[in-house]
Every structure is written in C-alpha cells, then in structure tokens.
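Visitor: Hi! I have a structure here and would like to walk through it with you. Could you bring it up?

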Amino acid sequence: TENAVDQLNAILRRQSEDLQKQSEALRDQSRDLGFTDQDFAKLQAEVQKDFGISVDVENQQKRQAQDLQAVLNGMQEAAAQTGTVVLGQESFLADLSRAFFRPLASGQAEDRLRNVFVISGPAGSGRHLALSTMIHILAEKHWLASADVVTINGSHYAGSEQEKVFIQDIYAASCAPAEVIVIEQAEALYPPFLNQLMKLCQNEEVTLNKRYVLNKGKQLVEAGSSLVTQTVSTLKLTNKYIVFLTTSRKTLMQNFPNSMVEQILDQPAAQPLSPEVLLTIYQRLLNDSVQNAKKQLNVTLTLDDDAAQKRLAVLETSAGALALEKDVRQLNAAINELCLKQPEPVLEVRAEAGREWVFEVNDQRLAMSNLIRLEKDDLDAIRKEMDAIVGLQEVKDTLQSMEEHYKVTQLRQKQGLKAAPLSRHMIFTGNPGTGKTTMARLVARLFKALGLLSQGQLIEVSRSDLVGRYVGHTAPLTQQIIESALGGVLFIDEAYSLVRGKDDSFGLEAVDTLVKGMEDHRDDLIVILAGYSREMEEFLNANSGLKSRFPNILNFADYTGSELTQIAVSLAQGKDYVIDESCLNDLTIYFNAVQMNSAARSGNGRLARNTVEKAILNQSRRILNDPQARMDLLLREDFDLELS
C-alpha cells in the first residue's frame, strides 16, 4: 500500500507541474494576442451558458490534485472495506484494489480497455469473494457504473466447433453494462480462441474471419449473404476490466505471448489461509448458523465455546474456507432434519463438536451420520474394502504410504511449516485381471475421502475415446474427457496404444493435451495410466515428458493359485453358493498350473470367475438329476479342472 501511495503521489506531482506550465504558457500567449482576464471570464460564462461546461483554467490544477487524492483514498478504502469480509489477505486486497484504480490514477482516456490483470491463489482462499465484494463496493462508491460481472469459462470453448458460441459470448460481454469480464479456466480454451482473446486484450479490437449480424434477439449470428448490411466484422473491448482468474498463475501465463505477459502489471495473488484465519472464519460461520436456527426454525442452538477449535482439529482444511462452508452446510442440514423428525416442536438443540457433530435434544443424543447422509466417504469403510481385496499387498502398502504422507503434510501446514505436495498421478502395470480397475475405483473414493478430490468419480477410457479421426478433432475430444474426469480419476487402459510410433500425430496431440490438462488441473484430477509392464516401460521411455509426471508406479503381480482360490470362494459367496472344502486343494493346484503355463493369457481374476461360473452351470445339470442335493453347494465334480 505504501508503494502505491508513493506511485500516486509521484503521478500527482508530475501532472500538477505539467498543468502549471500549460496554464502559464496559455496566459502568456493570450496576453500577446490582446486577451485580458476579463475576456477569459466572459468567455467562460458564455461556454457555461451555452453548453453547461465550465472552463476554469485557474482551478484545473487544484481539481486534478483533488481527483488524484480521491483515487488514492478510494483505493485504500476499497481494500479496507473488502478486508472486513475477506480475512487474512491484506496484501492481496491491496494489490487487487490497485489493479482497479490504476487506470484512474494514470488519467486513462475514455473508450479504452481499462486494465487486464491476473488473480491467482489456491481454492478456498477467497479469490471469488474478494473480487465480487470489491466490485460491489466500487459500484456503491460510483467508481464503477455497475456491480454486474460477466463470467466466461474457458472449458466451455474447448474445441473448434464452439467458435460461434465463443464469438457470440465475447460480443455479448463487450456490449453488456458490466464493466468487469472474468475469464476462468482460460487454460482450457481452444488455442485459436485464446489467441483471439490475447489480441483483444492487447489491441482492444480483432477482425473476425466471418461476417456477422445481430438478429431480433440482439444475438450475433453468421451473415447468410454478402448482401446483408450493418454487419459486425470486428470485436472490440473498451471501458472494461479483463480479469483472468486461476489457481496457478505460472501455468496460466505460460499460455500467454511475451508481449501479453509484459502488459500485465497487476497480478494479485491470494495466499493459503492461516490456521488463525480459518478459525476466525469458522467461528463466523457457526455464529451465522446459530442466528439462522433462531430466525428460520425458532430453535435456540447452543455450541460449546471451543466448538470451532475441536472441529478444525479433525477437519480436512486443504480446500481452505470451502471445507468450512461444507461442514457448516452439513450442520445446518442435520439440524433441519432433526427438527423434522421430532414428534413435538423443537425449541432447544445443543450441538457437541468432535469427530462428527452430536446433537442433544429432548434428552436424546443423535449423531449427524444418523440424521443425514454425509457427503464425505468413510475412510474406515474404504480401508476395509481395500483390505478385503485378495493379494496386491505391495499396491496397498504404497497407497497407505501416500495417505500417511498427506496426513503429515496437513500437520505441517497447521504448524506453519513448508509442505511440498507429492504428485498423485500413477501408473498401474500388470497383466489383465489383476485388479487394476477395481483398485483405481477405490483410489478415487480414497482420495475424495481425504479431501484431495472433490467428486471421486472414475472415468475409464482407451485410445478410441481420446484420439480423433480427423485433423482438429483430437484436442477437443481429449479436453472433453479431461473435463468429465475433473474432481476424480481418469483411468486410461492400455495407455501405450495412445501413440503408435513417432509419426502418429493424432496420438501425440492427445498426449500433449493430456499433459496440459494434468498441469492445469493438478489440484483436482488424478490420471492413472494402465497396461502391460513391458509395453508401459517402452511407452514412458519414448515420452520422457510423461515419465517425469508419473512417479508412482504400482505393479500388480499375477495372482498365485492360493489367491485365485480365495477369489473363487468369494465370488461363489457373492452368488449365494458355497464351494465344498474337499475341492479347495484341487482348485489351488489347477490355478497354479494355469498361471505357471501362461499368466498373461489366463486372465487372473477372470480365470477364477470363469471357473466358478462354469461350475454353477455344471451344478445345475446335476441338481436336475438329483433334486435332493443342496442347491447352494458346489462339489468337486462340478468343476472342470482339466488343463487344455
């Protein structure tokens, strides 16, 4: 802020000196021409009468000084007022306010693009809240004519087929009353569209490669004939602020030309929220819950004085204020459900903070999990499900190590220590049927439960889903797949088939788009490449850029005969069958022999499934010939254990 004051004072002094010199020169010239002070006064009165414009040369210098001082005061006031809403971001708010006031301080002419700047910072740090709050404050103080904002999301224009929509939306934004245009996920924009946007930001105008007209709904549409008049052939951006909003300034600006990077003087960066700020925010949110319970439900909600500290000790807060807002939403939902389920009106509720909220009402104690379905997957349940998977101990140990490292990272962050996050992208190598897809699905749920993913879905794809069939098709196709996987895991089976030699331009384009997507969405996307061990190694060696981004290589070993027998028993139980103990040893011998002969072709887990399903078919024939036999029992004679 002090630096901004110095800058504006310097501008003030320079402009005051210039005005003084101009005023003196004008006086001298006018006297040489025979004009007196009375003549100037008469001229000023006539201009005022005819046009309503005051020409006051004497006071221009003073008014200019007052205007610049007003700018400085306005800048400081906007930052301070926003700081009452957005906590712990004083430096960020000062930079943000300076970005808005820079064109005002420099005396920028009308009908120019006001400023282009980049806002960065981690999710949950208050970037969106700070921007919207400051815009409203500036509009209230009449520094902006409108508090409206136009938001353009780059992920909506990921391919060439979105050209018309992109042009329409940019044109609509340029004509809107809103003075602020926010560009989110600009990294996901189809490159030619991003280039157009860069030219607009630099030159304030670009020529369109097609002719457009406005339809009756004032929407831009392509001109159907060259005879159409009043066409729109250019896009212009004037009297607007263009704000790029991102989680990674470095990643975003790597997509900008050097001339654009040099033009962006303001780059406000929000910082991760400190434990003290998180505590203050959480206390505010809990106080709001108490007030809302009274206002909306007529319920007196009582919390312990240290409720916020207790919950913060167990909450995953890597998502910043977003994690706190989610927890309070669940608290409010549970209180609503509690009131609905009581036979009599509820007047008082006491909420006890701990690993989960517990409520006391009418001499009852009810846990939150008994009232609502918690959004967060249960870690213990996921671990039990993972432990129940036969074999794969090496894979399980690696995933447990990653989980433990993440928890230590959280503890370091809470103590104010540096915590370098590890890459979460993985490579699963192994033969078919070794559980790679099953484990990938559990990884998605596990990392969501840890707070590292927002959705936890698994998107399973192969080459045909990513590589296009014609020029210009691959990048948007791959981008759409990446967008669908955001918040979860993108699982690419037989990943080495993506690139079929150095001349496979489509495949190479898919890999390049994938790498870019991994960088752009590193905080909410995990990519898992899967396939045979040898082929995966050759693929990574041929694509060094990929290899460095996948440090976690998990090998899925072939199942042993004993493990396949355990899988067969489990599969049979899942179908309400029991395998007779007398055939367990024979099953193990059979499975060992098949695996020793050709584990790569056996199918591993699929071998166990096929064996059980074939035994069920054989048992059906036996049951028809012996109606007294147990219908749930699989005997040795039901299994075909002959080696082919």
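Guide: Happy to. Keep in mind that this is a predicted model. Let's start with helix H13, residues 379–388, where Leu379, Ile382 and Met386 are buried.

Visitor: Why do those three count as being on the same side of H13?

Guide: They cover an arc of only 65° around the axis, so they share one side of H13. As a rule, an α-helix has 3.6 residues a turn, so residues three or four places apart point the same way.

Visitor: And which exposed residues sit on the face of H13 turned away from the buried side?

Guide: That face carries Lys384, Asp387 and Ala388, which are exposed.

Visitor: Let me zoom in on isoleucine 382. How much relative accessible area does it have?

Guide: Isoleucine 382, which is found in helix H13, has a relative accessible area of 0% and is therefore buried, the cut-off being under 20%.

Visitor: How far is isoleucine 382 from leucine 442, in sequence and in space?

Guide: The two are 60 residues apart in sequence, and their C-alpha atoms are 7.1 Å apart in space.

Visitor: New topic: pockets. What is the volume of the second largest one?

Guide: The second largest pocket has a volume of about 660 Å³. It is lined by 26 residues, and those closest to its centre are Gly433, Thr434, Gly435, Thr438 and Gly605.

Visitor: Which elements give two or more residues to that lining?

Guide: Helix H15 (436–449), strand S14 (489–493), helix H21 (561–574) and helix H23 (605–625) do. H15 gives the largest share, with four residues.

Visitor: What about the domains, and how do the lining residues divide by class?

Guide: Domain 3 (376–555) and domain 4 (561–638) each give at least three residues to the lining of the second largest pocket. By class, that lining has twelve nonpolar, nine polar and five charged residues.

Visitor: OK, switching to charges. How many salt bridges does a search of the whole structure find?

Guide: The search finds 19 salt bridges. One of them joins aspartate 586 and arginine 636, with their closest N and O atoms 2.9 Å apart.

Visitor: Where do aspartate 586 and arginine 636 lie?

Guide: Aspartate 586 is in helix H22 (residues 584–602), while arginine 636 is in the segment after strand S18 (633–634), so this pair ties together parts that are 50 residues apart in sequence. As for exposure, aspartate 586 is partly exposed at 29% relative accessibility, and arginine 636 is partly exposed at 31%.

Visitor: Which residues are joined into one network by salt bridges that share partners?

Guide: Asp304, Arg350, Glu352, Glu360 and Arg365 are joined that way. Within that group, the side chains of glutamate 352 and arginine 350 meet in a salt bridge at 3.5 Å, N to O. Glutamate 352 counts as partly exposed at 25% relative accessibility, and arginine 350 counts as partly exposed at 28%.

Visitor: Got another pair for me? I was looking at glutamate 535 and arginine 534. How far apart are they, N to O?

Guide: Their side chains meet in a salt bridge at 3.4 Å, N to O. Glutamate 535 is partly exposed, with a relative accessible area of 23%, whereas arginine 534 counts as exposed at 53%.

Visitor: Last topic: enclosed spaces. How many cavities of 30 Å³ or more are there?

Guide: A search of the whole structure finds two. The largest cavity has a volume of about 40 Å³, and the second largest has a volume of about 30 Å³.

Visitor: What lines the largest cavity?

Guide: Its lining is made of Ile152, Ile170, Ala173, Ile181, Ile183, Leu197, Leu237 and Ile242. Helix H6 (163–175) and strand S3 (180–184) each supply at least two of its lining residues. By class, there are eight nonpolar residues, no polar ones and no charged ones.

Visitor: And which residues line the second largest cavity?

Guide: Phe100, Phe101, Leu104, Leu138, Trp143, Leu144 and Tyr241 line the second largest cavity. Helix H4 (residues 90–105) gives the largest share of that lining, three residues. The classes come out as seven nonpolar, no polar and no charged residues.

Visitor: Great, thanks for the tour!

Note on methods:
Residues are numbered from 1 along each chain as its sequence is written. This is a predicted model: local features need pLDDT of at least 70, side-chain atom pairs count only at pLDDT 80 or more; totals for chains, interfaces and linings use all residues. Side-chain values use heavy atoms; hydrogens and water are left out. Buried means under 20% relative accessible area, exposed over 50%, partly exposed in between (1.4 Å probe, protein chains only). The arc is that of the directions from the helix axis to the C-beta atoms. On a 1 Å grid over the protein atoms alone, a cavity is a set of points where a 1.4 Å probe fits but cannot get out, and a pocket is an open set with protein on both sides within 12 Å along at least five of seven lines; lining residues have an atom within 4 Å of a point. Grid points are joined across faces, edges and corners, and a volume is the space filled by probe spheres set on the points. Ala, Val, Leu, Ile, Met, Phe, Trp, Tyr, Cys and Pro count as nonpolar, Asp, Glu, Lys and Arg as charged, and the others, Gly among them, as polar. Domain bounds come from an automatic or database domain assignment. A salt bridge is a side-chain nitrogen of Lys or Arg within 4 Å of a carboxyl oxygen of Asp or Glu.
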